[in-house]
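User: Could you take a close look at one part of this model for me? I'd like to hear about the nonpolar spot on the surface, and then how the rest of the chain compares as a setting for it.

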Amino acid sequence: MGKRDNRVAYMNPIAMARWRGPSQSAGPTIQDYLNRPRPTWEEVKKQLENKKKGSKALAEFEEKMNENWKKELEKSREKLLSGNESSSKKRERKKKKKKKSCQSSSSSTSSSDSSSSSSDSEDEEKKQGKKRKKKKNRSYKSSESSTCESESESKESVKKKKKSKDETDKEKYIRSLSKKRKKTCPEDKPLSSESSSESDYEEEVQAKKKRRREEREKAMEKAKKKKKKQHKKHSKKKKKKSGSSHKSG
């Protein structure tokens with residue numbers, strides 16, 4: 001069994017199109033558009049006249065609609081005017097009723113005035129009682145404020161006393177120091193008493209602080225040395241144990 005020959009002869013598409021000739025299009029061509037039927041000048045004039053007539057008919061229709069609309073407007077105005085007249089009449093009736101009610105109320109107020117005068121006197125008495133209570137409260141508050149002020153003054157006096165005691169203690173200490181100096185070095189020149197005594201007091205305070213710091217540092221060093229000794233002893237014991245275990249093995 002041999003293979004089929006599926007080869008096709010090559011056809012030049014341009015040559016084929018020329019051989020077929022011009023293609024037939026479905027739509028109208030440009031020549032058809034140029035050769036279309038056109039109206040004459042007389043026919044155009046007739047069309048314009050017909051359009052004008054149509055516009056006249058529309059104008060007549062609009063005029064009729066305007067007339068009908070005007071009639072409807074007149075009717076609605078008449079209704080509104082009649083409604084306003086009726087509302088004005090109602091207002092007048094209401095005013096008359098109010099006047100009558102005011103006259104009847106004035107007669108009743110004359111009788112109520114006598115009762116209100118008695119109630120006014122009671123109100124005045126109540127107001128006077130409230131004023132008296134307010135005065136009492138004010139006097140009580142003023143007494144409380146005076147006690148608070150006395151307490152605050154007593155506290156301030158206590159604080160002042162404490163300050164004066166501290167100052168006297170300081171002065172005594174400074175005097176004792178100055179006496180000691182005079183005994184120890186009488187050849188030195190006398191300095192201003194206040195400045196030298198204060199400087200001595202400050203120096204002693206600083207010296208005390210330094211001593212405390214040194215004592216703390218010494219205690220810390222001792223504790224560190226003890227820990228190191230304990231650590232060394234522990235490490236030696238471990239080494240001995242490890243050596244003995246190796247020997248036994």
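**The nonpolar patch and its surroundings**

Analyst: Let's start with Y33, which sits in helix α2, residues 30–34. Keep in mind that this is a predicted model. Is Y33 buried or exposed? Y33 counts as exposed because its relative accessible area is 54%, and the cut-off for exposed is over 50%. Y33 has company on the surface: together with I30 and L34 it makes up a nonpolar patch. The accessible area of those three residues adds up to about 380 Å². As for the spacing, an α-helix has 3.6 residues a turn, so residues three or four places apart point the same way.

Now for the wider setting. The protein chain has 4 helices and 0 strands, so reading from the N terminus you simply get α-α-α-α. Just 2% of the 249 residues in the protein chain count as buried. The accessible surface of the chain is about 26100 Å², and carbon and sulfur atoms account for 53% of that.

Helix α1, residues 13–20, fits that picture. How many of its 8 residues are buried? The number is 0, so helix α1 lies largely in the open. Right after α1 comes G21, where phi turns positive, at about 95 degrees.

Charged residues are worth a look too. The structure holds 1 salt bridge. In a salt bridge, the side chain of R7 meets that of D5, with 2.9 Å from N to O. Both R7 and D5 are exposed.

Further along there is a patch of another kind. D120, E122, D123, E124 and E125 form a negative patch on the surface. One of them, D123, belongs to helix α3, which covers residues 41–184. D123 is partly exposed because its relative accessible area is 37%, which falls between the 20% limit for buried and the 50% limit for exposed.

So, back to your spot: I30, Y33 and L34 form the nonpolar patch, with Y33 exposed at 54%, while the negative patch includes D123, partly exposed at 37%.

Conventions: Residues are numbered from 1 along each chain as its sequence is written. This is a predicted model: local features need pLDDT of at least 70, side-chain atom pairs count only at pLDDT 80 or more; totals for chains, interfaces and linings use all residues. Side-chain values use heavy atoms; hydrogens and water are left out. Patches are made of residues with over 30% relative accessible area and no salt bridge: like charges are joined within 9 Å, nonpolar side chains (Val, Leu, Ile, Met, Phe, Trp, Tyr) within 5 Å. Accessible areas come from the Shrake-Rupley method with a 1.4 Å probe; for residues, only the protein chains shown count as cover. A salt bridge is a side-chain nitrogen of Lys or Arg within 4 Å of a carboxyl oxygen of Asp or Glu. Lys and Arg count as positive and Asp and Glu as negative; His and the chain ends are not counted. The place of a charge is taken as NZ of Lys, CZ of Arg, CG of Asp or CD of Glu. Helices (H or I, at least four residues) and strands (E, at least two) are DSSP runs, numbered from the N terminus. Buried means under 20% relative accessible area, exposed over 50%, partly exposed in between (1.4 Å probe, protein chains only).
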